[in-house]
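Me: I'd like to walk through a protein model with you, one question at a time. Could you help me read it?

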Amino acid sequence: MGAAYFYHLTRQPLEATLPMLLEKSLGAGWRVVVRGRDAARLAWLDERLWLGPEDGFLPHGIAGGLQDADQPVLLTTESACPNGAACLMAIDGAEVRAEEVQAMERVCILFDGNDDAAVQVARGQWKALTGAGCAAQYWSEAGGRWEKKAEA
């Protein structure tokens, strides 16, 4: 049974934090699905991931291609995980179900702490997932480095 890790982004934007989390997940041997709500936003994020440092290459693709099942990291707006992901990273308020948290090694929910609406969505997700019996952790970078602030 996995756990939901909530990442409250206040200092670094998504495009800086996500690659770090993806590298850690791939280092753990996990395939990852990055789930967003908007295809244009995922296309933008795809470009940012390709423009990363050469020594930090993150193999990935956008769902809908012939090699979806082979992608170590797959960006999608869908709920399916055609690449056999062990880790789900939800961005921009993408839906996460309790069954997914329980089935995956880890679910990461990244939200912009400078956006009140995003914070409210994350609070709702925390309540729904912990209310369904999912283990959860809340991480904040407010102090300048990532620190675990709460656990349920």
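Me: Is Asp92 buried, partly exposed or exposed?

Reply: Happy to help, and keep in mind that this is a predicted model. Asp92 sits in the loop between β5 and α3 (98-103). Buried needs a relative accessible area under 20%, and exposed needs one over 50%. Because its relative accessibility is 32%, Asp92 counts as partly exposed.

Me: What is the phi of Asp92 near?

Reply: Here is some background: most residues other than glycine have a negative phi. Asp92 has a positive value, although it is a residue other than glycine. Its phi is near 55 degrees.

Me: Which order do the strands take in the open sheet?

Reply: The open sheet has eight strands, and their pairing is mixed. One parallel pair is β2 and β4, joined over four bridges. Another parallel pair is β2 and β5, also over four bridges. Read across, the order is β3-β4-β2-β5-β6-β1-β7-β8.

Me: Which strands stand at the edges of the sheet?

Reply: Look for strands with a single partner strand, so that one side is left without a neighbour in the sheet. For β8 (residues 147-151), the antiparallel pairing is with β7 (residues 135-140), over four bridges. The strands at the edges are β3 (61-62) and β8.

Me: Which residue is the bridge partner of Val34 in β4?

Reply: Start from β2 and β4, which pair in the parallel sense. Along this pair, Val32 has Val73 as its bridge partner in β4. For Val34, the partner in β4 is Leu75.

Me: Which residues point the other way from Val32 and Val34 in β2?

Reply: Val32 and Val34 point one way from β2, and all four residues in this comparison are buried. One residue on the other side, Arg35, has Ala90 as its bridge partner in β5. The residues pointing the other way are Val33 and Arg35.

Me: How do α1 and α2 lie to each other, roughly parallel or roughly perpendicular?

Reply: The axes of α1 and α2 come within 10 Å and cross at roughly 65 degrees. Angles of 65 to 115 degrees count as roughly perpendicular. The crossing is right-handed. Because of that angle, α1 is, relative to α2, roughly perpendicular.

Me: Which residues of α2 meet α1?

Reply: From α1, the residues taking part are Leu14, Glu15, Leu18, Pro19 and Leu22. Both helices also lie across strands: α1 runs at about 175 degrees to β5, and α2 at about 150 degrees to β4. On the α2 side, the residues are Arg41, Trp44, Leu45, Arg48 and Leu49.

Me: Is Pro19 buried or exposed?

Reply: Pro19 lies in helix α1. Beyond its neighbours within four places in sequence, Pro19 is in contact with Leu14, Leu49 and Leu58. Its relative accessible area is 18%, and the limit for this class is under 20%. Pro19 is therefore buried.

Me: How many residues does the largest nonpolar core have?

Reply: Its residues with the most contacts inside it are Leu18, Leu22, Val34, Met89 and Leu110. Several elements each supply at least two residues of this core, including α1 (14-27), β2 (32-35) and β5 (87-91). A second, separate core of 19 residues includes Ala90, Met104, Leu129 and Cys134. The largest nonpolar core has 23 residues.

Me: Which residues does Leu22 touch, not counting residues up to four places away in sequence?

Reply: Leu22 is among the residues with the most contacts inside the largest nonpolar core. In α1, Leu22 is also one of the residues that meet α2. Its partners are Val32, Val34, Leu49, Leu58, Val73 and Met89.

Me: Which residue takes a positive phi in the hairpin of β7 and β8?

Reply: The hairpin has six residues between the strands. Within the strands, Gln137 has Glu151 as its bridge partner in β8. The positive phi is near 105 degrees, and the residue is Gly144.

Me: What distance separates the C-alpha atoms of Lys149 and Trp139?

Reply: Lys149 lies in strand β8. Setting aside residues up to four places away in sequence, Lys149 touches Tyr138 and Ser140. Lys149 and Trp139 are ten residues apart along the chain, and their C-alpha atoms are separated by 5.7 Å.

How values were computed
Residues numbered from 1 in each chain as written. Predicted model: local features only at pLDDT ≥ 70, side-chain atom pairs only at ≥ 80, totals over all residues. Heavy atoms only, no water. Pairing = 2+ DSSP bridges. Core = buried A, V, L, I, M, F, W, Y, C linked by side-chain atoms within 4.5 Å. Buried < 20%, exposed > 50% of the residue type's maximum accessible area, 1.4 Å probe, protein only. Contact = heavy atoms within 4.5 Å. Axes fitted to C-alpha atoms, helices over the stretch in contact; angles between N-to-C directions. Parallel < 35°, antiparallel > 145°, perpendicular 65-115°, else oblique. Left-handed = near helix turned anticlockwise from the far one by under 90°.
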